[in-house]
Amino acid sequence: MTPALTLLYVPADRPDRVAKALASDADVVLVDLEDAVAPAQKDAARDTAMRLLADVPASRPVQVRINHPDTPWHAADVAAVAALPTWVGARLPKVESPLDVRSHADALPGRELHPLIESALGVERALEIALASPQTASLGLGEADLRSDLRLADEAGLTWARSRIVNAARAARLPPPAMSVYANVRDLEGLAESCRAGRALGFRGRTAIHPVQLPTIRAAFLPTAEEIARAREVLSRMDGATQAGVGALALADGTFLDIAMRDQALAVLALVSD
């Protein structure tokens with residue numbers, strides 16, 4: 001399967017938007033019971049989301065972001081998600097310890113879990129969290145809360161935390177994490193620039209808060225024609241050398257090849273549909 005590049009958040013208290021999101025070309029739909037829903041609407045939002053997702057097919061990737069265990073809505077959120085088809089994942093906010101993940105794994109057996117790291121403590125424990133349960137399917141970074149926790153005035157302060165999450169996900173043999181949302185839905189140039197910076201750090205794909213952001217995100221994370229051509233050349237040269245019994249080999253530009261470059265080439269081509 002082609003890796004997911006676009007993940008679209010949609011507030012669960014807006015059934016019209018949930019329906020549109022499910023019909024959109026987003027790779028994954030993130031139905032939000034947490035930050036996007038006002039306290040007075042939590043119960044109604046949960047009921048609406050469960051009704052709309054009761055018959056969602058396995059071919060439509062969906063996750064439900066539930067409320068934190070410290071809130072009065074958490075238990076009902078977990079019970080509601082447990083009643084959904086098992087292919088609907090649970091997105092866990094503000095995870096700070098492996099126990100947070102394991103308790104949800106016990107409550108939601110057989111279901112993919114997607115912990116979000118949103119605090120300094122969570123960042124420090126990122127690898128422990130990523131390894132906490134076999135049900136963990138991805139690791140994510142919630143940058144708005146993290147910036148507040150770290151008292152950051154500038155995005156540059158997130159660089160270490162971003163790399164920490166990328167490294168923890170890889171060490172746990174999870175997919176590369178998707179970037180956190182870009183809050184300004186009108187600034188598509190800024191979104192593209194931010195995506196390129198995240199891609200350079202090892203992120204793959206990004207969460208969005210509006211469908212207008214999806215094409216920009218997808219374009220930023222898809223390999224360029226030059227990257228595709230180079231990946232194919234790497235595989236061709238290495239496969240040809242193996243068949244011919246040749247040891248050391250290089251590309252036309254003089255770059256020597258090794259198995260790590262083959263793995264990277266395969267990752268690039270995994271994003272190419274044809």
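This passage walks through the domains, pockets, one helix and a few single residues of a predicted model.

Let's start with the overall layout. The domain assignment splits the chain into domain 1, residues 6–221, and domain 2, residues 225–270. Between the C-alpha centres of domain 1 and domain 2 there is a distance of 35 Å.

Next come the open spaces. Rolling a probe the size of a water molecule over the atoms shows where empty space is left. In this model the largest pocket holds about 970 Å³ of space. Its lining is made up of 45 residues, and the closest to the centre of the pocket are Leu 7, Val 28, Gln 63, Arg 91 and Ser 138. Quite a list of elements chips in with at least two lining residues each: strand 1, strand 2 (28–32), strand 3 (62–65), strand 4 (89–92), strand 5 (113–117), strand 6 (140–141) and helix 7 (143–150). Strand 1 gives the most, with 4 residues. As for the character of this lining, 26 of its residues are nonpolar, 9 are polar and 10 are charged.

The second largest pocket comes in at about 770 Å³. Here 27 residues form the lining, and Pro 176, Asp 263, Gln 264, Ala 267 and Val 268 sit nearest the centre. Helix 8 (159–171), helix 11 (225–244) and helix 12 (259–269) each put in at least two residues, with helix 12 giving the most, at 7 residues. The lining of this second largest pocket breaks down into 18 nonpolar, 3 polar and 6 charged residues. And where does the second largest pocket lie with respect to domain 1 and domain 2? Both domains give residues to the lining, so the pocket lies between them.

Closed-off space is another matter. Searching the whole structure turns up 1 cavity of 30 Å³ or more, and the largest cavity contains about 30 Å³ of space. Around the largest cavity are His 68, Pro 69, Leu 92, Pro 93, Lys 94, Val 95, Asp 100 and His 104. That lining divides into 4 nonpolar, 2 polar and 2 charged residues.

Lys 94, one of the residues lining the largest cavity, deserves a second look. Most residues other than glycine have a negative phi. Lys 94 is not a glycine, yet its phi is positive, at about 55 degrees. This residue is found in the loop between strand 4 and helix 4 (98–107). With a relative accessibility of 26%, Lys 94 counts as partly exposed. Arg 173 also has a positive phi without being a glycine, in this case about 60 degrees. The loop between helix 8 and helix 9 is where Arg 173 belongs, and at 62% relative accessibility this residue counts as exposed.

Back in the loop between strand 4 and helix 4 there is also Ser 97. Is Ser 97 buried or exposed? Its relative accessibility is 15%, so Ser 97 counts as buried. Leaving aside residues up to four places away in sequence, Ser 97 touches Arg 125 and Ile 129.

Another serine, Ser 148, belongs to helix 7. Ser 148 has a relative accessible area of 49% and is partly exposed, since exposed means over 50%. Although Ser 148 and Ser 119 are 29 residues apart along the chain, their C-alpha atoms are separated by 8.6 Å.

Finally, there is helix 10, which runs over residues 214–221 and has Leu 214, Thr 216, Ile 217, Ala 220 and Phe 221 as its buried residues. Why do these buried residues count as being on the same side of helix 10? They cover an arc of only 165 degrees around the axis, which puts them on the same side. An α-helix has 3.6 residues a turn, so residues three or four places apart point the same way. The partners that the buried residues of helix 10 pack against are strand 1 (6–11), helix 9 (188–201) and strand 7 (206–208). On the face turned away from the buried side, helix 10 carries the exposed residues Pro 215 and Ala 219.

Methods: Residues numbered from 1 in each chain as written. Predicted model: local features only at pLDDT ≥ 70, side-chain atom pairs only at ≥ 80, totals over all residues. Heavy atoms only, no water. Buried < 20%, exposed > 50% of the residue type's maximum accessible area, 1.4 Å probe, protein only. Arc of directions from axis to C-beta. Contact = heavy atoms within 4.5 Å. 1 Å grid on protein atoms, 1.4 Å probe; cavity = no way out; pocket = protein on both sides within 12 Å on 5 of 7 lines; lining within 4 Å. Points joined across faces, edges and corners; volume = space filled by probe spheres on them. Nonpolar A, V, L, I, M, F, W, Y, C, P; charged D, E, K, R; others polar. Domains from an automatic or database assignment.
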